[in-house]
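Good morning, and thank you for coming. I would like to take you through one structure, beginning with how its helices pack and ending with a few individual residues. Please look at the model as we proceed.

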Amino acid sequence: MAHPACGKKLTERLNFGKAIDGIPKDLEQFVHDTTRKREGVVESLKNIDGSSETVVNTLKEYLAMNTTMKSILQKVRSYSRLRFKWSNMMDDDEKTATNDIDEDMVSMMFAAGLWHMEHAHWLNKNITSEDEDENKMKQSLNSLKTAAGIIETAKAWEGLIKGGKDINASVLNALCQQSIAEAQSVTIRRAISKNHKASLISELCHDVSQKFTKAAGEVDASHHEGQKWSVYLKFQGEAYMALARCYQGVHLLETEEKCGEAIVVLNEGFLHINQAAHLAKEYDKIKPKTKLHLEESQPFEKIKKLLNEKKAKSERENGMIYHARLPEECPLPLDPKCVIHVTALELSFGEDLTRTVTESTDAAKSEDKGGPSEGDADDTRSSKKSQEHSETKNYDDDSDDDEYTACACQRWLFVTIFMPVFLLLSIVGFILVVSLMPFRLCCPKGGAYTNVLTFLFEVFLMAPCLACKWASGKRRSHGNSASGKPRYGGTDEVELGSK
């Protein structure tokens, strides 16, 4: 959170599949994945005591779909019902709705940054002892560094969108400066508990004061939400400047033994305390009001108590030991020093997942348009052979004799009853063939006797076999066994064109 009374950045769930019309079937999976990843970020932001790693990982997964979703929106029929709805941190009454994917992702980064700031504040409240809760201090520090990194990434995207009151360069700059300042304040707390050099602590406090003051200058104070946030940042700047002066005075007294300058510096610290107290009262007056009073906060009370103790000690030591004259001008504060390195949000962009589907589809189309494959050629050759065989079969077969209307059982019944007759015909045919065989040897090939013998053999002698074939449904071949040519009425077909 930016300050105790600030609003939150909230959004509603969104099903891309229902909000977009005419999604190609091969892209439906990408749309589903984007919906799932966005819901993952929304769910992770609901629990302030959750894991920072979970928030960052789900955020990265959703942001990685940026290029893919833009490509999908160009391929669908319509996305007029697509609406990303967000609340406004600067104004709880203002709601924004947009169909811009970039704006939604910047808002998601904005919300993740605020979550990390609030998560750090929650951890700080649970720290009772710096020695025992060292792990919580590290988590708080890392959370604030991550918040600064996320907001810096959002600043790089800010130029792509129009945004509302809270999505602009000024607000993002203010939040980034505030995150770094609060991260360094955790470092200061640790340095004080471990009794580090007073000069180092003063330098760190001076840097924090500058960052809070710079952040206050970025906030638009033309409306009461911005004004309240700006006053809070100025209050923090004055409080840490008072602490910087306090440890500067300690450094002058205990290290450099400049008791007179130390007293003047400590008096300067009280000026900053008084200014901070005035800002705290002004903060309480601005709506929306909160139960927390900055002037009564524990950190501010500690700074006032420390200043009083160090000033009393300096005046006591100067009156008893140093007897130094107080300089007319107050020494300048020590140079600010920042030891915080922002944790950058590493993102991977540039890959359009729909391109893989498009390339595979184009490859399939090119194969269809190309020549026939080896399998297709084999099928073609097989088809031609089948056609040739069919034509030959139609030429040789008599279609009128192939159609049997009676069922199989009736045919077999008929054959069984008349089988003695068929056997008798076969015997007669055998006798006739044997009797006429001498005439067959004397007559020329293809003559009348030859045809008669062939007829007797095929009809009389083979009568039982032909009857069985007819009963079983097998077709009867009419080919001439003597010449291999079709026979019509027992005579050979006259070949046209032959002499």
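**Helix packing, core and selected residues**

Helix 9 and helix 11 pack with their axes 10 Å apart, at an angle of about 25°. Axes here are lines fitted to C-alpha atoms, for helices over the stretch in contact, and angles run from 0 to 180 degrees between N-to-C directions. Helices (H or I, at least four residues) and strands (E, at least two) are DSSP runs, numbered from the N terminus.

Before I continue, a word on the basis of these values. This is a predicted model, in which local features need pLDDT of at least 70 and side-chain atom pairs count only at pLDDT 80 or more, while totals for chains, interfaces and linings use all residues. Residues are numbered from 1 along each chain as its sequence is written, and side-chain values use heavy atoms, with hydrogens and water left out.

To return to the pair, helix 9 and helix 11 are therefore roughly parallel to each other. By angle, under 35 degrees counts as roughly parallel, over 145 as roughly antiparallel, 65 to 115 as roughly perpendicular and the rest as oblique. The crossing of helix 9 and helix 11 is left-handed, a term used if the near helix is turned anticlockwise from the far one by less than a right angle, with right-handed used if clockwise. On the helix 9 side, the meeting residues include F235, L243, Y247 and L253; on the helix 11 side they include F300, L306, K310 and Y322. Contact means heavy atoms within 4.5 Å. By class, this contact of helix 9 with helix 11 has 13 nonpolar, one polar and four charged residues. Ala, Val, Leu, Ile, Met, Phe, Trp, Tyr, Cys and Pro count as nonpolar, Asp, Glu, Lys and Arg as charged, and the others, Gly among them, as polar.

Let us step back to the whole chain. The protein has 18 helices and four strands. Of its 499 residues, 40% count as buried, where buried means under 20% relative accessible area, exposed over 50% and partly exposed in between (1.4 Å probe, protein chains only). Among contacts with a separation of 6 or more, 77% join residues 24 or more positions apart.

Two further helix pairs share helix 5. The axes of helix 5 (residues 101-125) and helix 2 (residues 28-44) come within 10 Å and cross at roughly 25°. Helix 2 and helix 5 are therefore roughly parallel to each other, and their crossing is left-handed. R38, V41, V42 and S44 of helix 2 make this contact with D104, M108 and W115 of helix 5.

How do helix 5 and helix 6 run, roughly parallel or roughly antiparallel to each other? Their axes come within 8 Å and cross at roughly 160°, and the two helices are therefore roughly antiparallel. This crossing too is left-handed. The contact of helix 5 with helix 6 holds 13 nonpolar, nine polar and two charged residues. One of the helix 5 residues that take part is M109.

M109 leads us to the core. Which residues touch the most other members of the largest nonpolar core? They are F16, L59, M109 and W229, in a core of 98 residues. A nonpolar core is a set of buried Ala, Val, Leu, Ile, Met, Phe, Trp, Tyr and Cys residues joined through side-chain atoms within 4.5 Å. Helix 9 (residues 224-254) gives the most to this largest core, with 13 residues. Beyond four places in sequence, M109 touches L59, L63, I150, T153, A154, W157 and L345.

Finally, some single residues. N318 lies in helix 11 (residues 298-322) and is buried, with a relative accessible area of 11%. Among the residues touched by N318 is H323. H323 itself lies in the loop between helix 11 and helix 12 (353-369) and is exposed, at 56% relative accessible area. Most residues other than glycine have a negative phi. H323, however, has a positive phi of about 50° although it is not a glycine. N195 also has a positive phi, of about 55°, and is not a glycine; N195 lies in the loop between helix 7 (169-193) and helix 8 (198-218).

I close with R77, in the loop between helix 4 (66-75) and strand 1 (84-88). R77 is exposed, with a relative accessible area of 65%. R77 and D21 are 56 residues apart in sequence, with their C-alpha atoms 5.7 Å apart in space.
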